[in-house]
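Q: Please take a close look at a single part of this model and describe how its pieces are put together. Give the cut-offs behind each term as you use it.

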Amino acid sequence: MTRPVRFDTFMGDALYGPDGFYTSGRGSAGRRHGDFLTSPEVGPLFGELVARWIDEVWNDAGRPEPLDVFDLGAGPGRLTKALSLAQVACAGVWRLHDIDRAAGTRLPADLSQGVVIANEVLDNVPFRWIRGGRQQVSEAYVAGRQLVWRPLADRTCPVVEGEYPWVEQAAALVRSVLDADPLRVLMFDYGATTTEQLARRGGWLRCYRGHERRHDPLADPGRWDITTDVPLDQLPPAGRTWTQADFCRVFGIDQLVEEGKAYWRAGAARPDLTALRMRSRVNEAAALTDPEGLGAFWAAEWRC
């Protein structure tokens, strides 16, 4: 009989083991050939908004030179490519770095001259699967292709009624980034404000492949992405939080869309690549602020 392993161990191997979804090269984000669509994949507008946040940080810090910008969980590097097109003052002094576990790149130990951004990273960090109840708290283990439940002795986890993810590794990742003393950290992900909200509504465990979604993480391990909605209350307390839609509005998405419309009107007769990019801002903005989609993601900022 297969010896049961804790769910987070199973997930780590399925995603990052020798034949894992990401280490094998099977997993990728993208509109056409990827497995899911992220905000940087929508278009360059998201990068422009994040660049405005970086510019705010740079000004608040006294305009240090150079400014290192680390994209944690960069994947194919779409976000830093979009940042390289952004029209902000700090672009003249920043150095952009793609950091990705599957590629074997790591954050430096000292981040005091930099900022860290991360989009849809924490949802892919292996999590523990908990079932809370009045009489007993249990934890999911995997035996072969079956889920088995064992009593949980470690009560440092949050305890609420129902099933929910315990994202202790994701919380540890955030703490390790903060311990490196960056100027600020900005993360985006899907999730909820509290663990109780996730347990109450369910549907927090997500599996993706080829833009198809399912809910069984045990079938075909290594062939499907496994993710979770991330509860903010399990992470170190953030200084500022928004929905992604609100973040976009605070950092000027409406202004950028109007600027794009005006540029397109002025050059529509003989459009160049810039005009086409400006026209796309309308559709990009709708996707980034969609209250039923990307707009409902949370955005959180930590200051060190």
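A: What follows is about helix H3 and the elements around it.

The model is predicted, so to speak of local features a pLDDT of at least 70 is needed, side-chain atom pairs count only at pLDDT 80 or more, and totals for chains, interfaces and linings use all residues. Residues are numbered from 1 along each chain as its sequence is written, and side-chain values use heavy atoms, with hydrogens and water left out.

Helix H3 covers residues 45-60; helices here are DSSP runs of H or I with at least four residues, strands are runs of E with at least two, and both are numbered from the N terminus. The sheet beside H3 is open and has six strands in the order E3-E2-E4-E9-E16-E15, with mixed pairing; two strands pair if DSSP finds at least two bridges between them. Strand E3 (94-99) and E15 are the edge strands, each pairing on one side only. From one strand to the next, the twist averages 15 degrees; angles run from 0 to 180 degrees between N-to-C directions, and axes are lines fitted to C-alpha atoms, for helices over the stretch in contact. Within this sheet, strand E2 (residues 67-72) and strand E4 (residues 114-119) pair in the parallel sense over five bridges. Val69 has Val115 in E4 as its bridge partner.

H3 lies across E2, E3, E4, strand E9 (184-189), E15 and strand E16 (298-303), and runs at about 155 degrees to E9. Contact means heavy atoms within 4.5 Å. Helix H5 (residues 168-179) also packs on the sheet, touching E2, E4, E9 and E16, and its direction makes about 160 degrees with that of E9.

A salt bridge (a side-chain nitrogen of Lys or Arg within 4 Å of a carboxyl oxygen of Asp or Glu) links H3 to the edge of the sheet. Its partners are the side chains of Glu56 and Arg240, at 2.7 Å from N to O. Glu56 lies in helix H3 and Arg240 in strand E15 (residues 240-243), so the pair ties together parts 184 residues apart in sequence. The count of salt bridges by this rule comes to 21.

H3 also meets helix H8 (residues 253-267): their axes come within 11 Å and cross at roughly 130 degrees. That makes H3 oblique to H8; angles under 35 degrees count as roughly parallel, over 145 as roughly antiparallel, 65 to 115 as roughly perpendicular, and the rest as oblique. The crossing of the two is right-handed, that is, the near helix is turned clockwise from the far one by less than a right angle, whereas anticlockwise gives left-handed. On the H3 side the contact involves Leu45, Glu48, Leu49 and Arg52, and on the H8 side Ile253, Gln255 and Leu256. By class, these are four nonpolar, one polar and two charged residues, where Ala, Val, Leu, Ile, Met, Phe, Trp, Tyr, Cys and Pro count as nonpolar, Asp, Glu, Lys and Arg as charged, and the others, Gly among them, as polar.

H8 in turn packs with helix H10 (residues 281-288), their axes coming within 9 Å and crossing at roughly 160 degrees. H8 and H10 are therefore roughly antiparallel to each other, and the crossing is left-handed. Among the residues making this contact are Ile253 and Leu256 of H8 and Arg281 and Val282 of H10. Ile253 and Leu256 of H8 also meet H3.
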